[in-house]
Amino acid sequence: MASQAPLLRMSGITKSFPGVRALDGVDLDVQAGEVHCLLGQNGAGKSTLIKVLAGAHQPDTGTIHWRGEAVTLRSPIAAMKLGIATIYQELDLVEHMSVAENVHLGHEPTTAGFVVRGRAARTATADLLARLGHPEIDPARLVGELSAAQQQIVSMARALSHDVRLIVMDEPSAALDPDEVDNLFRIVAGLTAEGVAVVYISHRLEEIRRIGDRVTVLKDGRAVAGGLPAESTPTSEVVSLMTGRNVEYVFPERPTGQPLGEPVLTVEGLSREGEFETLDLQVRPGEIVGLAGLVGSGRSEILETVYGARRPDTGRVLVDGRPLRPGSVRAAVRAGIGLAPEERKAQALLMLESVTRNVSVSTMSRFSRAGWIDRGAELGAAHAAIRELSLRPDNPHVPVRTLSGGNQQKAVLARWLLRGCRVLLLDEPTRGVDVGARAELYAVVRRLADEGLAVLLVSSEVPEVLGLADRVLVLREGRVVHSAPARELDEHRVLDLVMEGSPAT
């Protein structure tokens with residue numbers, strides 16, 4: 001590609017959130033008509049960077065130049081007016097509105113200053129869909145009736161309804177089958193031929209080589225490589241750039257030579273269409289089994305299905321050899337399964353309630369007598385669980401919202417400790433937890449396992465899975481592609497497996 005002034009130049013971009021420096025001086029330049037691929041592990045800073053570019057986040061420091069001029073992107077509307085559109089992995093379409101209404105939402109076609117609805121909007125939408133090679137999509141049809149691939153086309157049409165010069169695509173192929181991916185690439189090639197630039201985010205390195213012109217790699221909030229040729233840069237080099245993070249993980253030692261008993265948790269042939277398929281696993285008392293895989297590989301869905309929050313299409317979950325009623329959280333909890341979900345604030349914690357109530361909420365029947373709650377017994381039991389996990393502050397009366405991320409996670413663990421659970425499901429246990437608190441959480445999880453809990457762990461951070469788990473199942477697109485003791489794997493090997501795939505073993 002001939003050297004020319006970049007369409008976009010981001011220089012020295014920094015962005016911090018409480019306890020986290022998400023971007024640390026990132027540079028990115030994008031040429032008109034190129035596909036610039038953005039790579040990095042989960043947590044590397046990709047999402048934050050594209051939200052800065054989309055105007056959804058304001059950078060703490062740094063500059064953005066658009067078509068040679070310094071700009072401030074104060075909002076997504078400001079970015080769109082300049083010609084920058086972002087299509088997120090979770091499409092922000094309104095399902096109960098028509099295709100045409102979604103495409104023109106917020107900027108309906110006008111004539112002589114009046115908004116034009118109905119036929120004119122549908123005609124304009126049909127023209128955009130034809131430009132994308134999909135004239136078969138009816139502009140009058142409700143978006144909720146379309147397939148995932150068709151909804152993605154609608155999102156692209158909405159971007160093109162503006163005078164867009166750069167489109168950011170966040171994991172656009174995650175929900176597509178191979179034929180749909182080929183069609184996506186055809187559309188991208190057509191856009192770049194018109195001079196539109198594309199920032200393309202994907203974990204699939206085979207896609208990067210097919211569609212990309214250049215690659216920027218992020219690691220720990222920094223751009224460790226920029227402008228690499230996508231087609232000729234070896235996979236091993238890209239993977240090496242994505243790994244090798246700073247030492248943030250201090251893991252407790254694994255017990256050696258300790259005999260494990262019969263499985264507490266057994267999963268047989270578990271499947272959910274479009275999420276994961278034919279999963280078999282066992283977790284024994286004192287064992288931590290880790291699930292490693294990318295976003296969209298089915299990791300969280302597996303935990304939620306084991307917990308009964310999702311009903312499987314096939315297969316079964318057994319505790320101590322006894323099958324559980326499918327799709328029943330009540331049955332799972334009664335059998336001794338506890339879940340610490342990824343979104344603990346939204347899914348696990350009562351943010352306005354005290355630490356005591358958050359710890360005791362799953363065990364209230366223990367403290368109820370004739371319709372009355374024995375507050376003293378509740379407080380005493382909760383305080384004992386709090387002390388056992390060294391939750392700080394050691395005050396059961398404070399609202400849980402006032403705790404740090406690490407101590408909020410301890411409150412969730414204390415709930416299941418009080419409940420007497422035997423199987424602990426951990427989904428992203430250190431998300432939103434600062435580096436200093438991670439080692440303490442790791443020690444808590446290891447100690448609970450050593451005391452006989454069976455732990456099934458999901459984490460986007462490969463070092464965390466390898467450092468904490470005894471055994472690791474590697475997932476790719478809903479299938480287990482490798483299983484091995486954690487000590488036999490390294491980060492490089494796991495990334496190779498989740499990105500390129502491997503025959504199941």
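Which residue does E378 form a salt bridge with? In this predicted model, the partner is R357, and the closest N and O atoms sit 3.0 Å apart. E378 belongs to helix α13 (residues 375-388) and R357 to helix α12 (residues 355-360), so the bridge ties together parts that are 21 residues apart in sequence. E378 counts as buried, with 3% relative accessibility, while R357, at 22%, counts as partly exposed.

That pair has company: a search of the whole structure turns up 23 salt bridges. One of them joins R299 to E428, with 3.6 Å between the closest N and O atoms. Here the link spans distant parts of the chain, 129 residues apart, running from R299 in helix α9 (residues 299-306) to E428 in the loop between β21 (423-427) and α15 (435-450). Both R299 and E428 are buried.

D320 and R422 also pair up, their closest N and O atoms being 2.2 Å apart. D320 is found in the loop between β16 (314-319) and β17 (322-323), and R422 in the loop between α14 (405-419) and β21, 102 residues apart. D320 counts as partly exposed at 34% relative accessibility, and R422 counts as partly exposed at 35%. Elsewhere, R272, E275, E304 and R310 are hooked up in a network of salt bridges.

Helix packing comes next. Helix α4 (residues 119-131) packs against helix α5 (residues 148-160) at about 110°, with the axes 9 Å apart. That angle makes α4 roughly perpendicular to α5, and the crossing is right-handed. On the α4 side, L128, L129 and R131 meet I153, A157 and L160 of α5. By class, this contact has 5 nonpolar residues, 1 charged residue and no polar ones.

Notes: Residues numbered from 1 in each chain as written. Predicted model: local features only at pLDDT ≥ 70, side-chain atom pairs only at ≥ 80, totals over all residues. Heavy atoms only, no water. Axes fitted to C-alpha atoms, helices over the stretch in contact; angles between N-to-C directions. Helix = DSSP H or I, 4+ residues; strand = E, 2+ residues; numbered from the N terminus. Parallel < 35°, antiparallel > 145°, perpendicular 65-115°, else oblique. Left-handed = near helix turned anticlockwise from the far one by under 90°. Contact = heavy atoms within 4.5 Å. Nonpolar A, V, L, I, M, F, W, Y, C, P; charged D, E, K, R; others polar. Salt bridge = Lys/Arg side-chain N within 4 Å of Asp/Glu carboxyl O. Buried < 20%, exposed > 50% of the residue type's maximum accessible area, 1.4 Å probe, protein only.
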